[in-house]
Amino acid sequence: MDHAAVIEILDRDGQVRAVHKVLAWPLRIGRSPVCDVVLNDPHLAGEHAELSWGEAGAELLMLDSLNGGWQGQRRLRAGDRLPLAGLAPLQLGATRLRLRSSRDVLAPERPLARPASARSRWRHLWVPGLALSWALLLWYDQWAGMDPGAPWVDYASAVLGPLGVVTAWAALWALITQLFQHWFAFAPHFKRVLAGALGLHLLGILLPALAYAFSAPRLMALDSLLFPLGLAGVLWWQASVVWPRARRWVALGLGAALALGFTLMVGKRIEQQYWLGPPYLAALPPPALRLVEPKTPEALIDELRPLQAQLARQASKDNDLPSADQGNE
């Protein structure tokens, strides 16, 4: 045999589904048992195509068929002859395949992940630990916002409701993974969404506390930036399980959506006369968390003094406007 080669049958994601060793040249591809590579594809003829090896390398000859084939955007019909260069995929009927020979550069060997038996025995505690941590944060939020002596049912709904939503979300992603990867990956998706929910929840607690402790209200501008970025990161993390070969395209799509969302948000905030972050803190942490010296009343009055002229001008404008009683007269 001139050159060793294999024919790889690809699935819709470009992953190798089956490999056929080329035992002799030429070889025929089709549905007939007389072919060297027999494919179970009703869109193929009995003898659909023939592969041979010449001086320039592998060459494909299309035999008589109804559906022919495709190479990229090129339509292949009966009688067409073309060289197969590199690892370009080829479609015959409804089957995608690729010829890989000893001339092609072999991909480097990938490092093997540690087998399950060699991994830490604590890895099984990640999901319960994340779920328990988030449940405690949900319980704390409910406790901080309710009156003493509230019934336990109020706490149960506040904790179990978000956990149920996250569980359903992970199950939906697991079904999508089953559809595309033939793997019901509930645990990986559940771990990812729990980690994202816990991180975003901690961000919502720590960021106001830091802004208050250091008297830096501008830190709250990060809330409007980090929360969408974190949510997009969790979506990308989950999508990478379903479409591992399309991570870059998923990242580009999420990045474009984030850019559009930030643009719309800034446009809305300009109308409201502030850019990013909430206009004020609805709840303040305990005074013991204050790490900087509070401002004196005199300093506050000096900072508000430039507003005096603006308020006076606005008051004069309001006084010049006709009142409702004058309009009725």
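The chain exposes about 22300 Å² of surface, and carbon and sulfur atoms supply 62% of that area. This is a predicted model, and buried residues make up 28% of the 329 residues in the chain. Its secondary structure comes to 8 helices and 11 strands. Where contacts between residues at least 6 apart in sequence are considered, 48% of them join residues that are at least 24 apart.

**Annotated transmembrane regions**

- An unreviewed UniProt entry carries the annotation "transmembrane region" for residues 124-140, 160-181, 193-213, 219-237 and 249-267.
- In the model, residues 193-213 are 100% helix and 0% strand, and the C-alpha atoms at the two ends of this span lie 30 Å apart.
- Residues 219-237 are 89% helix and 0% strand, with 27 Å between the end C-alpha atoms.

**The open sheet of six strands**

- Following the order β2-β1-β11-β10-β7-β8, 6 strands with antiparallel pairing form an open sheet.
- The edges of this sheet are β2 (16-21) and β8 (74-76), each of which pairs on one side only.
- From one strand to the next, the twist averages 25°.
- Within the sheet, strand β7 (residues 69-71) runs antiparallel to strand β10 (residues 90-92), and 2 bridges join them; Gly-69 has Leu-92 in β10 as its bridge partner.
- As a general point, the strands of a sheet pair through backbone hydrogen bonds, and this pairing may be either parallel or antiparallel.

**Strand β5 and its partners**

- Strand β5 (residues 49-54) is mostly covered, since 5 of its 6 residues are buried.
- Strand β3 (residues 27-30) pairs with β5 in the antiparallel sense over 3 bridges, and Leu-27 has Leu-51 in β5 as its bridge partner.
- Strand β5 is also joined to β6 by 6 bridges, and these two strands run antiparallel; here the bridge partner of Glu-50 is Leu-61 in β6.
- The connection from β5 to β6 is a hairpin, which passes through 2 residues.

**Ser-65, a residue in a loop**

- Ser-65 is found in the loop between β6 (57-62) and β7.
- Ser-65 counts as buried because its relative accessible area is 18%, and the cut-off for a buried residue is under 20%.
- The side chain of Ser-65 reaches the backbone nitrogen of Gly-68 at 3.2 Å.
- When neighbours within four places in sequence are left aside, Ser-65 is in contact with Ala-45, His-48 and Ala-78.

**Gln-238, a residue in a helix**

- Gln-238 has its place in helix α4 (residues 221-242).
- With a relative accessible area of 0%, Gln-238 is buried.
- The side chain of Gln-238 makes polar contacts with the side chains of two tryptophans, namely Trp-169 at 2.9 Å and Trp-173 at 3.4 Å.
- Apart from its neighbours within four places in sequence, Gln-238 is in contact with Trp-169, Trp-173, His-189, Arg-192 and Val-193.

Conventions
Residues are numbered from 1 along each chain as its sequence is written. This is a predicted model: local features need pLDDT of at least 70, side-chain atom pairs count only at pLDDT 80 or more; totals for chains, interfaces and linings use all residues. Side-chain values use heavy atoms; hydrogens and water are left out. UniProt positions are given in the numbering used here, feature names are shortened, and annotations may be inferred rather than shown by experiment. Helices (H or I, at least four residues) and strands (E, at least two) are DSSP runs, numbered from the N terminus. Two strands pair if DSSP finds at least two bridges between them. Axes are lines fitted to C-alpha atoms, for helices over the stretch in contact, and angles run from 0 to 180 degrees between N-to-C directions. Buried means under 20% relative accessible area, exposed over 50%, partly exposed in between (1.4 Å probe, protein chains only). Contact means heavy atoms within 4.5 Å. Accessible areas come from the Shrake-Rupley method with a 1.4 Å probe; for residues, only the protein chains shown count as cover. A polar contact is a pair of N or O atoms within 3.5 Å; within protein, one must be able to donate a hydrogen and the other to accept it, and residues adjacent in sequence count only if both atoms are side-chain atoms.
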